[in-house]
Amino acid sequence: MKMQFVLLGALLIIMRSTSCLEARGNNYEVLQPNVVVVEVNLADPSPMVQVPLQCQESHEHEEIIWRNDDVPLLQRGNEINITVEEMLGGNYTCHDSMGSFLNYTLVLIRKSSRKILTGSQDTGYIKCSTQNYNGSFQCAWNWRPRRTGEVVFVKAERHSQVSAITCSLSTNQLSISCLDQSYCPYSEELDQIFMNVGVRYLYRLEEYSLTFFINEIVKPDRVRITRIDTRRIQLEYPDTWSIPHSYFPLAFQVMELPRRGDCSCESQQTEKINTIQDRQWNVRKGYVVCARAQDALCNSTWSDWSLYIFRKQRLQCRKRGYGLSAPVCSLQTCFSMAVGWCLAPGPQP
């Protein structure tokens with residue numbers, strides 16, 4: 001199913017760089033317009049931070065009413081100071097004397113612990129991959145049960161050069177699709193990509209980051225398998241793999257299993273995995289074939305297994321003297337008839 005995307009410039013997600021992080025105090029910062037992030041030390045006996053809020057410069061000296069999550073505040077005026085305690089952030093809105101909405105400030109609490117996305121320090125929280133070396137890649141994550149969050153920002157860049165990476169967010173906010181427009185597949189990749197994703201649940205903000213080279217996350221699409229003759233198959237490069245194949249070679253592996261075998265049970269079949277060089281394989285009778293590929297020059301991820309079931313073809317054999325009443329026989333029988341030839345089933349002239 002084709003996934004629809006929205007640009008990062010939309011309200012749901014904003015690309016940011018360190019230069020746009022305006023520090024306004026030791027314990028809080030302006031993350032992006034209308035969003036303030038507060039650092040609260042919960043180990044402090046009185047974990048509180050004072051944060052100044054401004055409605056709009058154009059409303060100086062006006063009677064401004066403030067609300068926090070629709071609860072009226074006592075403070076009035078264009079600029080007020082609020083006290084953020086522990087994990088109690090909020091959505092602060094300002095209104096004119098008639099109650100009309102003017103502006104808002106979202107106050108988030110940054111936490112270093114990980115409670116919004118599934119994963120761990122060992123397995124990671126964000127998974128990135130790419131099907132080839134054209135400079136595009138995808139990253140995905142999952143919310144923890146009962147903690148469906150919201151993406152606040154995404155940053156993707158290389159530190160040693162001008163960043164030319166653009167990303168788009170999926171409509172369900174569980175993945176991004178990125179393109180490094182300055183990436184060259186024919187030159188050595190000297191600098192890693194730094195990925196940083198900020199997500200929030202209620203008013204809790206967590207940041208997740210990882211670094212990688214493109215060749216570390218490449219994972220070819222499934223191998224195509226074609227039939228050569230009665231017992232042989234040929235493994236073909238995925239259509240999405242980079243070309244020329246001589247410059248981007250793949251290594252191939254084949255696993256034979258009984259007909260009821262399952263390609264996904266790799267851990268139980270490691271002794272049956274064969275690495276092949278010429279991309280051809282003779283299939284034993286009564287077996288199915290699983291095949292996969294990996295970048296031959298990098299120790300990156302193998303593709304998912306492709307399953308091929310070798311089915312016997314039923315053809316009509318026509319032999320001199322048989323006339324139009326040619327018997328139906330197996331492909332192997334047809335090939336063994338030295339004085340005959342095979343025709344596909346159906347009316348014959």
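Here a visitor asks a guide how the descriptions of this predicted model are reached.

Visitor: What kind of model is this, and how are residues numbered?

Guide: This is a predicted model, where local features need pLDDT of at least 70, side-chain atom pairs count only at pLDDT 80 or more, and totals for chains, interfaces and linings use all residues. Residues are numbered from 1 along each chain as its sequence is written, and side-chain values use heavy atoms, with hydrogens and water left out.

Visitor: What makes β21 and β24 a pair?

Guide: Strands are DSSP runs of E, at least two residues long, numbered from the N terminus. Two of them pair if DSSP finds at least two bridges between them. β21 and β24 (residues 287-295) have nine bridges, in the antiparallel sense, so they meet that rule. One example is L257, whose bridge partner in β24 is V288.

Visitor: How do you know that β21 also pairs with β22?

Guide: Four bridges join β21 (residues 250-258) to β22, and the two run antiparallel. That satisfies the rule of at least two bridges. Here F252 has I276 of β22 as its bridge partner.

Visitor: What is the order of the strands in this open sheet, and why do β22 and β25 count as its edges?

Guide: The four strands follow the order β22-β21-β24-β25, with antiparallel pairing. β22 (273-276) and β25 (306-309) each have a single partner strand, so one side of each is left without a neighbour in the sheet. From one strand to the next, the twist averages 30 degrees.

Visitor: Why is β21 described as largely enclosed?

Guide: A residue is buried when its relative accessible area is under 20%, exposed when over 50%, and partly exposed in between (1.4 Å probe, protein chains only). Seven of the nine residues of β21 are buried, so the rest of the structure largely encloses this strand.

Visitor: Why is the contact of E29 and R110 called a salt bridge?

Guide: Side chains of opposite charge can pair when their charged atoms come close. The rule asks for a side-chain nitrogen of Lys or Arg within 4 Å of a carboxyl oxygen of Asp or Glu. For E29 and R110 the N to O distance is 2.8 Å, so the pair qualifies. E29 lies in β4 (residues 28-32) and R110 in β11 (residues 101-110), so this bridge ties together parts that are 81 residues apart in sequence. E29 and R110 also belong to a network of salt bridges with E39 and E207. By this rule, the count of salt bridges comes to 13.

Visitor: Are E29 and R110 buried or exposed?

Guide: E29 has a relative accessible area of 15% and R110 one of 18%. Buried means under 20%, so both residues are buried.

Visitor: How do you know that R224 and D239 form a salt bridge, and what makes D239 exposed?

Guide: Their side chains meet at 3.3 Å, N to O, which is within 4 Å and therefore counts. R224 lies in β19 (residues 224-227) and D239 in the loop between β20 (232-236) and β21, so the bridge ties together parts that are 15 residues apart in sequence. D239 has a relative accessible area of 66%, so it is exposed. R224, at 36%, is partly exposed.

Visitor: What makes R279 and E236 a salt bridge, and where do they lie?

Guide: The N to O distance is 3.7 Å, so this pair also fits the rule of within 4 Å. R279 is in the loop between β22 and β23 (280-282), while E236 is in strand β20, 43 residues apart. R279 is partly exposed, with a relative accessible area of 23%.

Visitor: What is notable about the backbone at N34, R146 and P244?

Guide: N34 has a phi near 75 degrees, a positive value in a residue other than glycine. N34 sits in the loop between β4 and β5 (35-38) and, at 26% relative accessibility, counts as partly exposed. R146 has a phi near 65 degrees, which is also positive in a residue other than glycine. Its place is the loop between β13 (136-140) and β14 (150-158), and at 77% relative accessibility R146 counts as exposed. A cis peptide bond joins I243 and P244, with omega about 0 degrees; P244 is in the loop between β20 and β21.

Methods: Axes are lines fitted to C-alpha atoms, for helices over the stretch in contact, and angles run from 0 to 180 degrees between N-to-C directions.
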